[in-house]
Amino acid sequence: MDLRDTADEAAFRGELRSWIEENLPEELQGHRGGAARFEGEEMRAWSRALHDAGYAGLTWPKEYGGSGASYTHQAIFLEEMARAEAPPHVGVIGLGMAGPTIMTHGSEEQKARYLEPILSAEEIWCQGFSEPGAGSDLASVRTSARQENGHFVVDGQKVWSSFAHLASFCILLTRSDPSSTRHAGLTYLIVDMHAPGVDVRPLTQITGEAEFNEIFFDGVRVPAENLLGEIGGGWQVAMTTLLHERGTLGFALQAVLEVQVRKLAALARDRGADPLQRDQIAREWIEAQALRFTNYRALSKLVKTGMPGPEGSISKLVWSEANQRVTKLALELLGPDAALAEENAPYGGYWQHQQLRSRGNTIEAGTSEVLRNIVAERVLGLPKSR
Amino acid sequence: MDFTFTPEQDALSEQARGFLAANPEPSWKELAELGWTGVSIAEEDGGAGLTFVEEAVLLEELGRALYKGPFFSTVAVTLPALPGELRAEIAAGETSWTLAFGPLVPDLDTADRIAIVGGDGIYELEGAEREVLSTTDETRPVGVVRGGEPGRRLADSGVLEEIRNRTLAALAIEACGVARRALEYAIEHARTREQFGKPIGVYQAVSHPLADAYTRLELARSLSYWAAWCVAQATEDADEQAPIAAAAAKAFAAEAAVQVCETAIQVHGGIGFTWEHVLQRLYKRALWIESFAASSTTLRAEVAASLLDAKPDQASGFSQTPVSLTQGG
């Protein structure tokens with residue numbers, strides 16, 4: 001046990017910190033890369049800069065254009081990016097989900113075709129998993145892929161897809177066997193977002209912004225070589241994607257929470273806090289530290305054994321509920337000013353916006369209910385609830 | 001950065017769990033023979049020359065086993081105040097100590113000698129009358145001392161900060177051990193107890209509180225070992241994080257242990273409410289830990305002061321965009 005950076009880690013952190021200071025454009029500082037406020041050009045330029053400096057796809061193998069770095073470096077990268085309030089590489093879905101899935105299940109042709117443009121931000125990816133009738137219950141996917149003359153014809157609707165309006169490709173989970181139910185008969189496809197019959201519509205959310213999209217597929221022809229894995233083997237491929245979605249996500253979240261708590265403390269210093277509010281602020285600071293060191297424990301186990309520890313499964317659950325409490329507490333500190341919006345509100349409406357956005361945190365990337373089931377069943381070994 | 005236990009620490013933890021399962025009420029001499037009383041005492045004084053992290057590993061298991069004896073008061077609390085030759089007696093299992101730093105003195109029924117804080121130093125208290133008081137947690141007696149004279153001067157009062165940090169970190173770690181055992185009982189019960197034809201762990205009204213209990217416990221453990229590591233570091237190069245880490249860990253872990261025990265009692269139903277079941281004893285230890293030294297509220301007030309009152313020069317640095325996972329689909 002040694003909670004300090006090793007010499008190598010300290011050197012990497014130091015170089016990275018100076019690199020971000022020198023290269024992060026001022027207008028991007030504070031942006032979390034939410035698709036809503038970006039049309040993509042400035043984000044692409046920033047992403048290219050990250051790639052040129054070797055920071056995109058840190059843990060990707062060198063043969064695919066990555067840096068072959070350790071998970072520890074990836075964790076440091078995520079921490080430093082969050083601390084500098086730098087937006088992530090625009091290829092969030094490509095780097096974290098599509099790329100690793102292609103590396104695991106893709107053909108050599110697919111790896112050669114798709115991986116490099118993800119790193120260089122030439123091609124942005126989106127994810128087509130959730131549907132109006134398939135949220136937490138992903139296995140009830142209905143979007144169909146019919147085989148016809150050596151290609152697939154896709155019909156259906158996907159929802160909650162960020163970056164779809166910027167994306168070149170979509171990783172799409174479809175039902176290829178109409179007589180199948182549940183996990184069987186699913187097929188995983190790579191779909192060209194510019195193909196005829198693909199229609200992307202923004203979905204306005206509780207904050208008034210449109211970070212996510214709906215995607216409609218109407219007779220979209222997908223070439224046979226865009227199949228990822230086996231026909232009917234889509235569920236296994238999708239599990240690889242979701243495993244990577246939750247992989248090192250914890251580190252990004254924890255670092256973001258620390259920034260949020262730091263801002264909460266700054267708000268309390270600016271506007272004052274009564275003893276009960278001070279108690280709550282201390283509580284949130286302590287919980288942020290608890291999350292940080294829980295992530296360190298999980299990471300250390302991953303680095304040493306190649307398997308993530310069970311502690312890691314609680315990261316997103318803890319973060320999402322903490323972020324909801326922290327943002328609500330900030331509104332309480334604002335008092336009657338909490339009712340104001342945007343330019344009329346203190347700090348440009350930052351906290352009002354954050355608080356509303358935080359309600360999505362316990363829903364996106366696995367609802368808290370599903371995550372509690374996962375902890376109960378897979379970590380505690382309780383009998384399955386369904 | 002490495003937040004795993006060494007193979008030696010893992011082995012120590014296993015040894016401790018096995019030994020305490022077979023010997024639930026070990027004597028001070030037996031603990032000394034195992035090398036536990038001298039874990040962090042220098043080798044030239046007959047100890048193992050290890051750190052507070054190894055002591056923490058033991059404290060977690062001692063908490064889990066609801067050990068009754070002067071280990072906490074001697075090793076976690078009083079040790080930093082004692083000079084080398086007195087430490088040697090502890091390593092050898094010849095004496096145990098407690099420290100009167102408040103009106104209620106821990107382990108007063110079993111500790112051989114008493115140290116007392118007075119003026120600018122810590123002294124041995126001689127010739128005092130002891131009164132052991134009845135406590136809700138029968139495994140952790142406290143008492144009051146009356147009369148007596150300060151005898152040998154043991155240490156400068158400067159050592160009190162280290163004592164405070166060790167005490168808080170030790171209580172946090174003990175709380176984790178208590179909570180783990182309560183959670184183990186609750187999980188086992190939820191797996192095997194059947195109602196309406198199913199094991200009750202099937203019902204999410206039962207399983208989700210258990211998932212939350214596990215979550216609280218793991219967070220508490222992360223904080224507690226962070227605090228233990230800071231305390232261990234502090235003996236070498238005055239780790240400036242040690243005071244706040246110890247306060248944060250104790251504030252969180254004590255509350256977590258109380259909550260986990262309450263969940264475990266609820267999951268057990270009627271049997272969890274009986275004197276016969278061990279849960280009541282785990283619960284009372286958790287409550288003892290919460291009340292001893294400083295309550296969670298008091299400690300959070302300290303944390304808040306260090307966050308909010310210390311450096312008002314930090315800029316707010318507000319920005320405009322949401323915290324988002326921006327993935328999904």
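Two residues are taken to be in contact if their C-beta atoms, placed from the backbone, lie within 7 Å. The structure described here is a predicted model, in which local features need pLDDT of at least 70, side-chain atom pairs count only at pLDDT 80 or more, and totals for chains, interfaces and linings use all residues. Residues are numbered from 1 along each chain as its sequence is written, while chains are lettered from A and ligands numbered from 1 in the order in which they are written.

A good place to start is the meeting of the two chains. Chain A brings 80 residues to this contact and chain B brings 50. On the side of chain A that touches chain B, at least two residues come from each of several elements, including β1 (125-128), β3 (151-162) and α9 (315-334); helices and strands are DSSP runs (H or I, at least four residues, and E, at least two), numbered from the N terminus. The most is given by α8(A), with 17 residues. This side of chain A comprises 35 nonpolar, 22 polar and 23 charged residues, where Ala, Val, Leu, Ile, Met, Phe, Trp, Tyr, Cys and Pro count as nonpolar, Asp, Glu, Lys and Arg as charged, and the others, Gly among them, as polar.

Within chain A, an automatic or database assignment gives domain 1 (7-90), domain 2 (125-235) and domain 3 (246-379). The centres of domains 1 and 3 of chain A, taken over C-alpha atoms, are 22 Å apart. Ten residues of domain 1 of chain A touch nine of domain 3 of chain A, and the domain 1 side has four nonpolar, three polar and three charged residues.
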